[in-house]
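The following explanation leads the reader through a single protein model, from its overall composition to selected details of its packing. The sequence and the structure are shown first.

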Amino acid sequence: MKKWIFCASLVLACISCNNHNTFTVGGTVSGAKGKVLYLENLAAEKPAILDSVILKSDGNFSFKGKRPQYPEFYRLRLDNAYIHLAVDSTENINIKTSLPDFGFNYEVTGSDECEKMRIVSQESVKLRTRINEVTEAMKSDKANVDSLRALALADIDAYKKRMIDIVLENPRAAAAYYIIFQRINNEVVFDVYDPSDCRIIAAVATAFDSFYPDAPRTRQLHDITISGLQAIKKNKESRQNVNDNIREVETASFIDIALNDIYGHERRLSSIAGKGKVVLLDFTAYKTEYSPAYNIRLAELYRKYASRGFEIYQISLDAEENFWKVSADNLPWICVWDPASVYSSIANTYNVKELPTSYLLDRDGELVKRLSSPRELESLLEKYL
């Protein structure tokens with residue numbers, strides 16, 4: 001009897017130990033009979049398939065995997081839809097969903113982090129849908145484009161505030177990491193080169209460094225944060241020393257630029273420069289305090305002088321493409337975006353040290369003046385037009 005009790009205890013101990021070292025993901029996917037459901041690991045650059053199952057009529061599934069040493073991310077994949085999951089201290093995650101709502105409308109139990117990620121995913125989908133709707137509306141309703149743009153920007157700000165609240169609630173949580181790498185229409189929500197966003201990313205990096213110092217994702221966060229802080233510092237120093245560093249332009253031919261407009265069409269500076277027009281080559285960023293008033297003034301000058309041969313080629317150095325597209329949609333001149341942002345080789349070629357910075361090109365395409373504000377532009381237009 002004693003031997004039997006000892007053996008039974010040993011078996012139970014082994015089972016307990018085994019359960020402690022594994023996690024399970026199970027649940028149901030209704031209306032998906034015959035579909036293949038995959039469990040994938042997102043630890044590497046490319047998702048790795050851990051297991052799969054062909055769903056039966058009841059939709060039940062159950063996956064088991066080895067618990068990671070540090071918080072890690074996984075996903076359930078069905079066709080081209082995904083449910084993202086985080087595994088940390090959680091050992092049993094249960095998902096309840098159905099087709100065609102897989103990836104958007106689902107219930108999750110057994111994990112607070114996965115529940116937060118569900119909220120983030122749903123909010124992201126709503127914002128993406130909203131931005132797309134507003135973008136389409138702006139194309140057809142030109143009379144109300146300003147109010148539509150304001151609504152889109154307000155939606156983006158509200159989403160971002162909700163995400164920051166979740167991050168700051170627990171910066172060391174997997175959901176916090178998941179949030180700061182979120183993308184809307186393939187564009188980052190939190191830009192490490194934006195001082196405000198970098199502070200949020202740094203809070204997560206610091207928390208991970210304290211609680212998971214040896215985790216690969218901690219090193220990634222550390223490197224990204226340091227890169228952002230260094231770039232922000234460098235940009236700030238450049239602005240402080242701008243008066244010492246700016247070179248006054250003497251007459252010279254322009255260097256051609258080819259960037260895409262909001263519709264994805266390539267627009268070349270050479271398509272208007274040197275073609276008999278006086279061109280303002282303008283480097284700016286819409287997500288700045290000066291931008292609204294600045295573009296209003298440019299619009300006044302454009303309306304006054306466009307018929308006499310004045311054109312504007314405006315380059316946005318904003319980090320967020322969505323923000324640029326929404327802001328530039330109603331502007332009557334050529335608006336393009338440089339995705340390199342603060343690392344723009346084009347801006348570097350033109351020795352741009354602060355924003356806004358503009359160059360005036362005469363009818364022959366010669367750079368005749370560098371401007372740091374539109375105040376002196378009108379007198380120059382009268383001269384060169």
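The account below begins with the whole chain and then turns to two sheets, a helix that packs on them, one residue and a pair of helices.

The model is a predicted one. The protein contains 11 helices and 18 strands. Of its 385 residues, 45% are buried. Among the contacts with a separation of 6 or more, 63% are between residues 24 or more positions apart. The exposed surface of the protein amounts to about 20,200 Å², and carbon and sulfur atoms supply 50% of this area.

One open sheet has four strands in the order β4-β1-β7-β8, and its pairing is mixed. Its edges are formed by β4 (60-66) and β8 (106-109); each has a single partner strand, so one side of each is left without a neighbour in the sheet. From one strand to the next, the twist averages 15 degrees. At one end of this order, strand β7 (residues 92-98) pairs with β8 in the antiparallel sense, over four bridges. Within this pairing, Thr 97 has Tyr 106 of β8 as its bridge partner.

Thr 97, which belongs to strand β7, merits a closer look. Is Thr 97 buried or exposed? Its relative accessibility is 5%, and because buried means under 20%, Thr 97 counts as buried. What surrounds Thr 97, leaving aside its neighbours within four places in sequence? Thr 97 is in contact with Thr 28, Val 29 and Ser 30, with Ile 83, and with Phe 102, Asn 105 and Tyr 106. Tyr 106 is thus both a contact of Thr 97 and its bridge partner in β8.

A further open sheet of four strands follows the order β3-β2-β5-β6, with antiparallel pairing. Here β3 (48-54) and β6 occupy the edges, and each has a single partner strand, so one side of each lacks a neighbour in the sheet. The average twist from one strand to the next is 20 degrees. Strand β2 (residues 36-41) runs antiparallel to β5, and five bridges join the two. Asn 41 has Tyr 74 as its bridge partner in β5.

Strand β5 (residues 72-78) is also joined to strand β6 (residues 81-87), by seven bridges and again in an antiparallel arrangement. Glu 72 stands opposite Val 87 of β6 in this pairing. The two strands form a hairpin with two residues between them, and in the turn Asp 79 has a positive phi of about 55 degrees.

Helix α2 (residues 112-140) packs against strands of both sheets. In the sheet that contains β8, α2 lies across β7 and β8 and runs at about 160 degrees to β8. In the sheet that contains the hairpin, α2 touches β5 and β6, and its direction makes about 145 degrees with that of β6.

The last element of this account is a pair of helices. Two packed helices are described by the angle between their axes and the distance between the axes. For helix α8 (residues 291-305) and helix α11 (residues 377-384), the angle is about 20 degrees and the axes are 11 Å apart. The two helices, α8 and α11, are therefore roughly parallel to each other. The crossing in which α8 passes α11 is right-handed. On the α8 side, the contact is made by Arg 297, Leu 298, Leu 301, Lys 304 and Tyr 305. On the α11 side, Leu 377, Glu 378, Leu 381 and Glu 382 take part.

Key:
Residues numbered from 1 in each chain as written. Predicted model: local features only at pLDDT ≥ 70, side-chain atom pairs only at ≥ 80, totals over all residues. Heavy atoms only, no water. Pairing = 2+ DSSP bridges. Axes fitted to C-alpha atoms, helices over the stretch in contact; angles between N-to-C directions. Contact = heavy atoms within 4.5 Å. Buried < 20%, exposed > 50% of the residue type's maximum accessible area, 1.4 Å probe, protein only. Areas by Shrake-Rupley, 256 points an atom, 1.4 Å probe, with all protein chains shown as cover. Parallel < 35°, antiparallel > 145°, perpendicular 65-115°, else oblique. Left-handed = near helix turned anticlockwise from the far one by under 90°.
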